[in-house]
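Please read the following walk through a single protein chain with its coordinates open beside the text. The path goes from the overall fold to the helix packing, then to charged pairs, and ends with a surface region.

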Amino acid sequence: MVPDHCRAYALSFPQDDDYIKVCEHEHDARCDGCELPPTVFREIQNVVGSVDCSAEERNEMEYEIAQAIQSIQSWKAHLLRAINQDAERHEVLENLDTQSVFIVMDWAMKFLPRKFRES
């Protein structure tokens, strides 16, 4: 199985025994779709290294690219956690009996800007 396709493996944290789930299969397969983003990231970084510009502009581009890569990886991790959480929610709902209750508490907070230009 592809490591990124196995939720248990992808969400495990090897440095903490409380966050490891052992799988019954190997994670040695490859997926072209999963291999594509890191390849594109490397190609973009290589192109920026060969662009004719000042050192300041190059540093700015490298910083922007690093931030974009981090954002993409964070979004991918968020999607994985959201899919896992939704699957667990469905499992809990399927196993509810007449003596059980399921409470959803959403702690997401939204702040409205107080000034026109405040983000």
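A convenient place to begin is L96, which is found in the segment after α3. With a relative accessibility of 33%, L96 counts as partly exposed, and, once its neighbours within four places in sequence are left aside, L96 is in contact with V101 and F102. This residue will return later as a member of a surface patch. It should be kept in mind throughout that the model is a predicted one.

Turning to the chain as a whole, the secondary structure consists of 3 helices and 0 strands, and reading along the sequence gives the pattern α-α-α. Of the 119 residues of the chain, 10% count as buried, while the accessible surface comes to about 10900 Å², with 54% of that area belonging to carbon and sulfur atoms. Among contacts in the chain with a separation of 6 or more, 47% are accounted for by residues that lie 24 or more positions apart.

How do the axes of α2 and α3 cross? Helix α2 covers residues 32–50, and its axis comes within 10 Å of the axis of α3, the two crossing at roughly 175 degrees. Because angles over 145 degrees count as roughly antiparallel, α2 and α3 are roughly antiparallel to each other. On the side of α2, the residues that take part in the contact are F41, I44, Q45, V48, G49 and S50, and they meet R58, M61, E62, I65, I69, I72 and Q73 in α3.

V48 offers a closer view of this pairing. The residue lies in helix α2 and is buried, because its relative accessible area of 7% falls under the 20% cut-off for that class. Apart from its neighbours within four places in sequence, V48 is in contact with R58, M61, E62 and I65, and these four residues are listed among those of α3 that meet α2. The C-alpha atoms of V48 and N59, which are 11 residues apart along the chain, are separated by 9.5 Å.

A further set of contacts involves L11, whose place is in the loop between α1 and α2. At 31% relative accessibility, L11 counts as partly exposed. When the neighbours within four places in sequence are set aside, L11 is in contact with Y19, L80, R81 and N84. The C-alpha atoms of L11 and K21, 10 residues apart along the chain, are separated by 8.4 Å.

The charged side chains come next. Side chains of opposite charge can pair when their charged atoms come close, and the structure holds 3 salt bridges. In one of them, K76 pairs with D4, with the closest N and O atoms 2.6 Å apart. This pair links distant parts of the chain, since K76 is in helix α3 and D4 is in the segment before α1 (7–10), 72 residues apart. K76 counts as partly exposed at 45% relative accessibility, and D4 counts as partly exposed at 37%.

Another salt bridge joins the side chains of D86 and R89, at 2.5 Å from N to O. Being 3 residues apart in helix α3, D86 and R89 are separated by about one helical turn. D86 is partly exposed with 32% relative accessibility, and R89 is partly exposed with a relative accessible area of 33%. There is also a salt bridge between R30 and E35, whose closest N and O atoms are 3.6 Å apart. Here R30 counts as exposed at 68% relative accessibility, whereas E35 is partly exposed, with a relative accessible area of 36%.

Which residues form the nonpolar patch on the surface? The patch is made up of V92, L93, L96, F102 and V104, which together have about 390 Å² of accessible area. V104 has its place in the segment after α3 (55–94) and is exposed, because its relative accessible area of 62% is over the 50% that the class requires. L96, from which this account set out, is partly exposed at 33%, and its contacts include F102, which is another member of the patch.

Notes
Residues are numbered from 1 along each chain as its sequence is written. This is a predicted model: local features need pLDDT of at least 70, side-chain atom pairs count only at pLDDT 80 or more; totals for chains, interfaces and linings use all residues. Side-chain values use heavy atoms; hydrogens and water are left out. Patches are made of residues with over 30% relative accessible area and no salt bridge: like charges are joined within 9 Å, nonpolar side chains (Val, Leu, Ile, Met, Phe, Trp, Tyr) within 5 Å. Accessible areas come from the Shrake-Rupley method with a 1.4 Å probe; for residues, only the protein chains shown count as cover. A salt bridge is a side-chain nitrogen of Lys or Arg within 4 Å of a carboxyl oxygen of Asp or Glu. Buried means under 20% relative accessible area, exposed over 50%, partly exposed in between (1.4 Å probe, protein chains only). Axes are lines fitted to C-alpha atoms, for helices over the stretch in contact, and angles run from 0 to 180 degrees between N-to-C directions. Angles under 35 degrees count as roughly parallel, over 145 as roughly antiparallel, 65 to 115 as roughly perpendicular and the rest as oblique. Contact means heavy atoms within 4.5 Å.
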